[in-house]
Amino acid sequence: MRFTELNNEQRRQLIDVVGTFAAWRDASRKATRGSLRWVTRKGSDYLYRKTGKSERSLGRRSQETEALLAAHNLLRERRKQTGARLKAMARVNRALYLNRVPKDAALILRELDAAAVLGKHLFVIGTNALYAYEIKAGVFFEGSILATNDFDLLWDARDRLRLVVTGISPEGVLGILKKADATYSSAGDYGMRAQNASGYFVDLFCPDIDPPPKRFAPRDIDPIPTEGADWLIESPKIEETVIGWDGLPLYMPCVDPRIFALHKLWLSKQPSRQDRSRPRDVAQARAVAAVAMAYMRLKFNDRALSRLPKELKAGVAELGRAGKDLVKSA
């Protein structure tokens, strides 16, 4: 296994990017949609919010409405300033080769985050999660274990109603993907997955429950009930700021790297797994386990992992050795 440690300049840049991105994201979340303005009606001022073509009153001028307008303007200004700084930082991020997340994956992350479903209902699993793990560890994985032509999402199907209410568009998950790339379609694979014009795939995995979960919209992609997905749903999670191909930061929530590694190792041993995928599963499992132990100082005998099913615990010894070997050589 080969890893390249981030240098001091890259680390300093990431610290600045993470702080600025957190401020921008917070302002973007809290800022109300539309614009606010005072409108005079029959000699009195009223605060109106305009969203699209519709406009409604928020009340007569008072300390409360004046405070509401002031807060709105402050958040919009903060979002503007931090956004401008992130754009300036993007050039440096590219120069320092921090822009690791490929375009297709970055566009998906950006739209899912804008829809406020990442980290609450949907989590990144599969190869793309390695971009979060390498940033958290302060290393770069070698390219051979990062290459992928698909994007895997984990969804807690037990929370379907709340997800519909709070985030998913009327067109479903596919509707969000179309905002990232209008060429995404579910027609090419009987609705089981989305695919864009360049052949990039998106899969939505969920626990195997009864009754099986249904798609969000008639032309949406089908959630795929998957053995072991419930282990991932129940596992500890991490959140990380990663850098997209354009140099702009992205929010990526994933499962704990140790769970990722154990699940990948377990997956490699399943009879249903394609033979060509097994060596890559093992390579990713060992690489993630190694950096989790050597660079993140995480342990596989942690109490947080004590409730793991025996199927996953079976891989602890093998992956623990991979981590210890790297610790000794570090």
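This tour moves through a predicted model, from one helix to its surroundings and then to the salt bridges.

Residues are numbered from 1 along each chain as its sequence is written. Because the model is predicted, local features need pLDDT of at least 70 and side-chain atom pairs count only at pLDDT 80 or more, whereas totals for chains, interfaces and linings use all residues; side-chain values rest on heavy atoms, with hydrogens and water left out.

**Helix α2**

Begin by selecting residues 63–95, which form helix α2. Helices (H or I, at least four residues) and strands (E, at least two) are DSSP runs, numbered from the N terminus. The 33 residues of α2 reach 48 Å from the first C-alpha to the last, close to the 48 Å expected at 1.5 Å a residue; the expected span is 1.5 Å times one less than the number of residues.

Centre next on Met 89, where α2 bends by about 25°. The bend at a residue is the angle between axes fitted to the seven residues ending there and the seven starting there. Met 89 is also one of the buried residues of α2, which include Leu 69, His 72, Leu 75 and Leu 86. Buried means under 20% relative accessible area, exposed over 50%, and partly exposed in between (1.4 Å probe, protein chains only).

Now display the surroundings of this helix. The buried residues of α2 pack against α1 (8–30), β2 (35–41), β3, β4 (54–60), β11 (237–243) and β12 (249–255).

Within α2, select Arg 76. Arg 76 is partly exposed, at 36% relative accessible area. Add Trp 24 to the selection: the two C-alpha atoms are separated by 9.8 Å, although the residues lie 52 apart along the chain.

**Past the end of α2**

Move to Tyr 97, which follows α2 and lies in the loop between α2 and α3 (103–114). Its phi is near 60°, a positive value in a residue other than glycine. Tyr 97 is exposed, with a relative accessible area of 62%.

For another residue with such a backbone angle, go to Arg 297, where phi is near 60° and therefore positive in a residue other than glycine. Arg 297 sits in the loop between α9 (278–294) and α10 (310–313), and is exposed at 61% relative accessible area.

**Strand β3**

Return to Ser 44, in strand β3 (residues 44–51). Is Ser 44 buried or exposed? At 19% relative accessibility, Ser 44 counts as buried. Leaving aside neighbours within four places in sequence, Ser 44 is in contact with Val 39 and Arg 60, contact meaning heavy atoms within 4.5 Å.

**Salt bridges**

Side chains of opposite charge can pair when their charged atoms come close. The structure holds 16 salt bridges, each defined as a side-chain nitrogen of Lys or Arg within 4 Å of a carboxyl oxygen of Asp or Glu.

Select Glu 55 and Arg 37, whose side chains meet in a salt bridge (2.7 Å, N to O). This pair links distant parts of the chain, with Glu 55 in strand β4 and Arg 37 in strand β2, 18 residues apart. Glu 55 is partly exposed at 34% relative accessibility, and Arg 37 is partly exposed at 41%.

Next, select Arg 61 and Glu 66, which form a salt bridge (3.2 Å, N to O). Arg 61 is partly exposed, with a relative accessible area of 36%; Glu 66 is partly exposed, at 37%.

Then show Asp 281 and Arg 273, joined by a salt bridge with the closest N and O atoms 2.7 Å apart. Asp 281 counts as buried, at 2% relative accessibility, while Arg 273 is partly exposed, at 25%.

End at Arg 25, Arg 29 and Asp 113, which are linked in a network of salt bridges.
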